[in-house]
Amino acid sequence: MEVSSEPLQQGRGLVLVRRQPPVPQSLRKTLKARLLRSCTCSLPRARALVQDLIPAICWLRQYRPREYLAGDIMSGLVIGIILVPQAIAYSLLAGLQPIYSLYTSFFANLIYFLMGTSRHVSVGIFSLLCLMVGQVVDRELQLAGFDPSQDSPGPRANGSDLNNSAATLVLGPPDCGRDCYAIRIATALTLVAGVYQVLMGVLQLGFVSAYLSQPLLDGFAMGASVTILTSQLRHLLGVQMPRHQGPGMVISTWLSLLRSASQANVCDMVTSTVCLAVLLATKELSDRCRHRLRVPLPTELLVIVVATLVSHFGQLHERFGSSVAGNIPTGFVAPRVPDPELMQRVALDAVALALVGSAFSISLAEMFAHNHGYSIRANQELLAVGCCNVLPAFFHCFATSAALAKSLVKTSTGCRTQLSSVVSAAVVLLVLLVLAPLFQDLQRSVLACVIVVSLRGALRKVRDLPQLWRLSPADALVWMGTAATCVLVSTEAGLLAGVILSLLSLVGRTQRPHAALLARVGDSAFYEDATEFEGLIPEPRVQVFRFSGPLYYANKDFFLQSLYSLTGLDAGRLAARRKERGSEAGAGERDPVESKDGPGSSRAALVPTAASFHTVVIDCAPLLFLDTTGMATLQGLRQDYKALGISLVLACCSPPVRDALGRGGFLREDQGDVAEEEQLFHSVHSAVLAARARRGELAAADSTL
């Protein structure tokens, strides 16, 4: 590229010369090229596609058994041992039989081993998703004529997916009992949610989960944890009461518990008290001694084994009427295609399920990848989690995602690769084939204790709220609004409220950003907020204005009000009055500046129409972007200032803003005696010096005349 040396000969110093951008192709040619590139079929391309879809093909080639195998086996065994009691317990949340939770844990671990890109994430049953599945299952059971509050039959009468002996009402399906219909609802919901996640991965929409902010997720986890805790109180107390649905479920459940407190089962209450005390004490001890323990204590498994033995030999179900898990069959049930009619009915519910599962999975994968120095692919994570829902849905499984607690345990026990998921799946398979029936006398109150104790981490997040408020009140409001809506209305409404509040906080921050006048820091070339720092030197007859946000249609009025209020001159009103009068007769009058929405808006200020400054410099460094309304605002402002004999210049514009100014006609060469290079400056100080020199030249010319 040839550059003219004329600017250098004029003594203006170094000149930035922009490279000519390549000529863009037409949209038709671009789409055609991408279509041809994506449809081209070759052996290397097919191999690369398979490797992208199944990352295990690549990393298994680089697997080093001597370094990785011991840690993977140890972490896989520990996670498998933890999975078994949690799978049985979380079946209460989903309103399903325990066998289906074991199926879900088994298939999810195998599929994520093949398709996942995170080495440390544990994918399986997750309490929040189990709660959301259970709410949909209860609603559809009630619509079908079943009683959602009816517990499964006892250990002698209970069955599996073949349990068609459960009592139904008139509207129930003739070929399916309560437990059978419940798993049909769950698989239909899971398949639709998985399809959504797979489509998001195929369409490269992994970035969508980034819009679910961390305060939103923490608030959602807190509100959902309170809902889970409330739903388990009836099992902790052994109370027979209806399962409430819809808005206000938490409040309705608490009111029903208060009315039914006199019917509590003493055996379940004693069991719950003992189990909670043991689990909480052991968890606290493990947390304090976690640096000394190479492997976390399998407290849940020990409590479940001991409680099962006590319940079996003490005959707690027969003697005291304590509710138990019931028969858990061994083996696998024949696969079944989810009901298309049910899929249509739960399609809307699956949206929230897919978003929550995707957001938690991607955020956890990115967190562990950052901590351990490797990268993950968000879109591939969507595909992996989606396939963990789509494929197992045909094998009587329900929704899964990554879980923080198990992922932390997996990391602390030496996990190195996804191979540990295969070991965990082997442990679950052993329970499925051999050990599952041994838990039939396990009390439901014990399972509820396991669920409640697992909520410790989410419930403790409330302690972070004061610090979050100090750091960002807007994020704290999102946290509180999401949690409160989850508790008072529903989890789906809480998620929607969190998204809306997050967007409103983002809009609020851009609609009313901070605005200030700048002054010089001593003899340096730096300028800062004059109201924030002391000892700054304002530039005589030059106003330096900073607007810390984008300039677009929603904040253009606030931009003008802030500028007029801080500079003490309503240029728009004064220019309009001079134009109406057609003269400068109003030079000695005083006009009020109405800026009730801007800084210093407590009262209207009377300002002289004869301005005390000759140049306004706008610091555009914080200006992220301009839209057409923002461009028109700047053009109109320049015209108003020009009518008053005041120059408007911009400094520190980013390349996108400069491009927008050029395309919008702000930098036209026909601006009188002001050239383009005298309208934009690379620093505030250079703009101030140019304004000072220009006014000196004009003053000298006037004195000569």
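This passage walks through the fold, the annotated membrane spans, a surface patch, the cysteines and the salt bridges of a predicted model.

Starting with the overall picture, the chain runs to 705 residues, of which 49% count as buried. Its secondary structure comes to 28 helices and 10 strands. Contacts reach a long way along the sequence: of those between residues at least 6 apart, 79% join residues at least 24 apart. The chain exposes about 34500 Å², with carbon and sulfur atoms supplying 62% of that area.

On the membrane side, the unreviewed UniProt entry lists "transmembrane region" for residues 69–90, 188–212, 350–370, 382–405, 417–435 and 479–504. Two of these spans can be checked against the model here. Residues 188–212 are 60% helix and 0% strand, and their end C-alpha atoms sit 25 Å apart. For residues 382–405 the figures are 46% helix and 8% strand, with 20 Å between the end C-alpha atoms.

A nonpolar patch turns up on the surface, made of Phe332, Leu430, Leu433, Val434, Leu435 and Leu438, and together these residues have about 550 Å² of accessible area. One of them, Leu430, belongs to helix H18, which covers residues 419–435. Leu430 is partly exposed, at a relative accessible area of 47%.

What about the cysteines? The disulfide count comes to 0. Cys449 shows how a candidate pair drops out: its closest cysteine sulfur is that of Cys275, and at 5.0 Å this is too far for a bond, the cut-off being 2.5 Å. Cys449 is also buried, at 0% relative accessibility. Cys486 is buried as well, with a relative accessible area of 2%.

Cys486 comes up again around Gly494, a residue of helix H23 (residues 491–511). Apart from neighbours within four places in sequence, Gly494 is in contact with Thr482, Thr485 and Cys486. Gly494 is buried, its relative accessible area being 0%. The C-alpha atoms of Gly494 and Ala224 are 8.8 Å apart in space, although 270 residues separate the two in sequence.

Turning to charged pairs, a search of the whole structure gives 15 salt bridges. In one of them, the side chains of Lys283 and Glu300 meet at 2.8 Å, N to O. This pair links distant parts of the chain, with Lys283 in helix H11 (residues 266–288) and Glu300 in helix H12 (residues 299–314), 17 residues apart. Lys283 and Glu300 are both buried.

Helix H11 has a further salt bridge through Glu284, which pairs with Arg460, the closest N and O atoms being 2.3 Å apart. Arg460 sits in the loop between helix H20 (456–459) and helix H21 (465–471) while Glu284 is in helix H11, so this salt bridge ties together parts that are 176 residues apart in sequence. Arg460 is partly exposed at 31% relative accessibility, and Glu284 is partly exposed too, with a relative accessible area of 31%.

Asp475 and Arg509 form another salt bridge, at 3.2 Å from N to O. Because Asp475 lies in helix H22 (residues 473–488) and Arg509 in helix H23, the pair ties together parts 34 residues apart in sequence. Asp475 is partly exposed, with a relative accessible area of 22%, and Arg509 is partly exposed at 42%. Elsewhere, salt bridges that share partners join Arg139, Glu140, Arg345 and Asp349 into one network.

Key. Residues are numbered from 1 along each chain as its sequence is written. This is a predicted model: local features need pLDDT of at least 70, side-chain atom pairs count only at pLDDT 80 or more; totals for chains, interfaces and linings use all residues. Side-chain values use heavy atoms; hydrogens and water are left out. UniProt positions are given in the numbering used here, feature names are shortened, and annotations may be inferred rather than shown by experiment. Helices (H or I, at least four residues) and strands (E, at least two) are DSSP runs, numbered from the N terminus. Patches are made of residues with over 30% relative accessible area and no salt bridge: like charges are joined within 9 Å, nonpolar side chains (Val, Leu, Ile, Met, Phe, Trp, Tyr) within 5 Å. Accessible areas come from the Shrake-Rupley method with a 1.4 Å probe; for residues, only the protein chains shown count as cover. A salt bridge is a side-chain nitrogen of Lys or Arg within 4 Å of a carboxyl oxygen of Asp or Glu. Buried means under 20% relative accessible area, exposed over 50%, partly exposed in between (1.4 Å probe, protein chains only). Contact means heavy atoms within 4.5 Å.
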